[in-house]
Structure formats: C-alpha cells, structure tokens
Amino acid sequence: ELAEPFEEAADAVVDGDVDKLTALLDREPRLVTARSLRRHRCTLLHYVGANDVEPERSHSPANAPEIARLLIARGADPNAVAMTYGGGPAQTTLYLAATSSHPEEAGVVVPLIEALVAGGARVNDDDREQLLYTTRVALPALVAAGVTVDLSLAAILGRIDDVRRFVRPDGTLAPGAKIGSEEKVTDKVIL
C-alpha cells in the first residue's frame, strides 16, 4: 500500500526536493517510518546517508541536512538500523553518512552529521571498527558529537599531544588508549 509512495518519497529525498517530500509526508505521514521493500529495509532517513544503498540513489543533494531535519521533525528515528552491508548495529543513517563519499563530495557531511546528532542520533563508542571506514572529513564532526578520542583516533587526526598522553615513556599504553572493541586487541597490534 505504501510501496509506490515510498519509492516516490525516496526519490524526493535523494533529489533534495523538499516541497515534494513535504507534500508526500502531508498526504501519508506513515511514510516517515515506513521501510523499503528492498532487502536493505531502509527508511527514508537512511537514503540521506547516500552510501550506495541503491546505486541509482547514491548521491547527496546540497540540502541533505535540511532533508534530514525535516524527516526527523516528522518522526523519523535517527537511530533506526538498516540491513545494508549484511546488517549489524552500526548501519544507522549517521554511520552511512560518515562512511560515504557522496555527502563529502557534496560538501554536506559535517552539517549532515550535526543535523543527525541534533535530531537524536547516538554516537556509539562500542564499535570502534566503524571509524576505520569513516571519511577523514567526518571524523572531527564525530569527535565534536561525542566520539571518544583514543590512541588510534588521535593518531589519525594528528593530535600529537593526545598520542603522547596515551603512550607512556616506556612504550606501554596508558588507560584510555584503547576503548570499545579495541580493548581486546593486543598492544602490539595497535602500535
């Protein structure tokens, strides 16, 4: 029943057509929480992440942050997960946006991350592996949003003072150097 309007709304999201999206949501408010019938089961908000969920819809409009704010204001869950890349706890819109080149190329990755976080998207320190796939431009925005800086992230960002704080003079790691999923990795692998 919502399949056709959902596809139309998804096109409006990736095209940045606020007027069309607003009209569709006004006509059918359930679209904001509906999921695609495709295998990934994305919500409309996931399409803002533009991370090759569907190749024909993998681009970011210049107003992607505005689209995200509209969807969240209408009731989209910024922490909903989709089954992109086989599923898993990290496939939220925030994860998709932070790891996609499309928002970066459109120059909207930082304001998009800010809009998602302002709308309630949670930054997850438990799965640090996702940071390996995050675009370089997105990392400072994620740190500003609450990602904890550990040794690995400090090194990636060139935060030399933090690196020195995490590595003791004898070469051992100070507390906080490894967090989340990295705590289980031996120090020899991290260094």
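Student: What does Glu7 count as at 23% relative accessibility?

Tutor: Buried means under 20% relative accessible area, exposed over 50%, and partly exposed in between (1.4 Å probe, protein chains only). At 23%, Glu7 therefore counts as partly exposed. Before we go on, please note that this is a predicted model, in which local features need pLDDT of at least 70 and side-chain atom pairs count only at pLDDT 80 or more, while totals for chains, interfaces and linings use all residues. Residues are numbered from 1 along each chain as its sequence is written, and side-chain values use heavy atoms, with hydrogens and water left out.

Student: Which side chain does Glu7 meet in a salt bridge?

Tutor: Side chains of opposite charge can pair when their charged atoms come close. The rule used here asks for a side-chain nitrogen of Lys or Arg within 4 Å of a carboxyl oxygen of Asp or Glu. Glu7 pairs in this way with Arg57, at 2.8 Å from N to O. The two come from distant parts of the chain: Glu7 belongs to helix H1 (residues 3-15), and Arg57 to the loop between helix H3 (44-49) and helix H4 (64-73), 50 residues apart. Helices (H or I, at least four residues) and strands (E, at least two) are DSSP runs, numbered from the N terminus.

Student: Is Arg57 buried or exposed?

Tutor: Arg57 has a relative accessible area of 6%, so it is buried. Arg57 also forms a salt bridge with Asp11, where the closest N and O atoms are 2.9 Å apart. Asp11 sits in H1 and Arg57 in the loop between H3 and H4, so this pair ties together parts that are 46 residues apart in sequence. Asp11 has 33% relative accessibility and therefore counts as partly exposed.

Student: Which residues are linked in a network of salt bridges?

Tutor: The network joins Glu7, Asp11, Arg38, Glu56 and Arg57. The count of salt bridges comes to 9. For a local case, try Asp161 and Arg164, whose side chains meet at 3.8 Å from N to O. They are 3 residues apart in helix H10 (residues 160-166), which means that about one helical turn separates them. Both residues of this pair are exposed.

Student: Where does the side chain of Ser36 reach?

Tutor: Polar contacts are the idea to use: a pair of N or O atoms within 3.5 Å, where within protein one must be able to donate a hydrogen and the other to accept it, and residues adjacent in sequence count only if both atoms are side-chain atoms. The Ser36 side chain reaches the backbone nitrogen of Arg38, at 3.0 Å. Ser36 lies in the loop between helix H2 (18-27) and H3, and its relative accessible area of 0% makes it buried. Not counting residues up to four places away in sequence, Ser36 touches Phe6, Glu7, Arg41, Cys42, Tyr47 and Glu54; contact means heavy atoms within 4.5 Å.

Student: What is the phi of Arg41, and where does Arg41 lie?

Tutor: Arg41 has a positive phi of about 60°, although it is not a glycine. It lies in the loop between H2 and H3 and is partly exposed, at 29% relative accessibility.

Student: Which backbone nitrogen does the side chain of Ser100 reach?

Tutor: Here the partner is His102, at 3.1 Å. Ser100 is in the loop between H5 and helix H6 (101-105), and is buried with a relative accessible area of 1%. Beyond residues up to four places away in sequence, Ser100 touches Gly49, Ala50, Asn51 and Thr135.

Student: Which residues touch the most other members of the largest nonpolar core?

Tutor: In soluble globular proteins, nonpolar side chains tend to be buried together. A nonpolar core is a set of buried Ala, Val, Leu, Ile, Met, Phe, Trp, Tyr and Cys residues joined through side-chain atoms within 4.5 Å. The largest one has 54 residues, and those touching the most other members are Leu21, Leu44, Val48, Leu71 and Leu116. Helices that each supply at least two residues of this core include H1, H2, helix H7 (109-118) and helix H9 (151-157). The residues touched by Leu116, not counting those up to four places away in sequence, include Leu45, Ala68, Ile72 and Leu94.

Student: How many helices and strands does the chain have?

Tutor: It has 11 helices and 0 strands. Of the 191 residues, 49% count as buried, and the C-alpha atoms fill a box of roughly 65 × 30 × 25 Å along the principal axes. Among contacts with a separation of 6 or more, residues 24 or more positions apart account for 58%.
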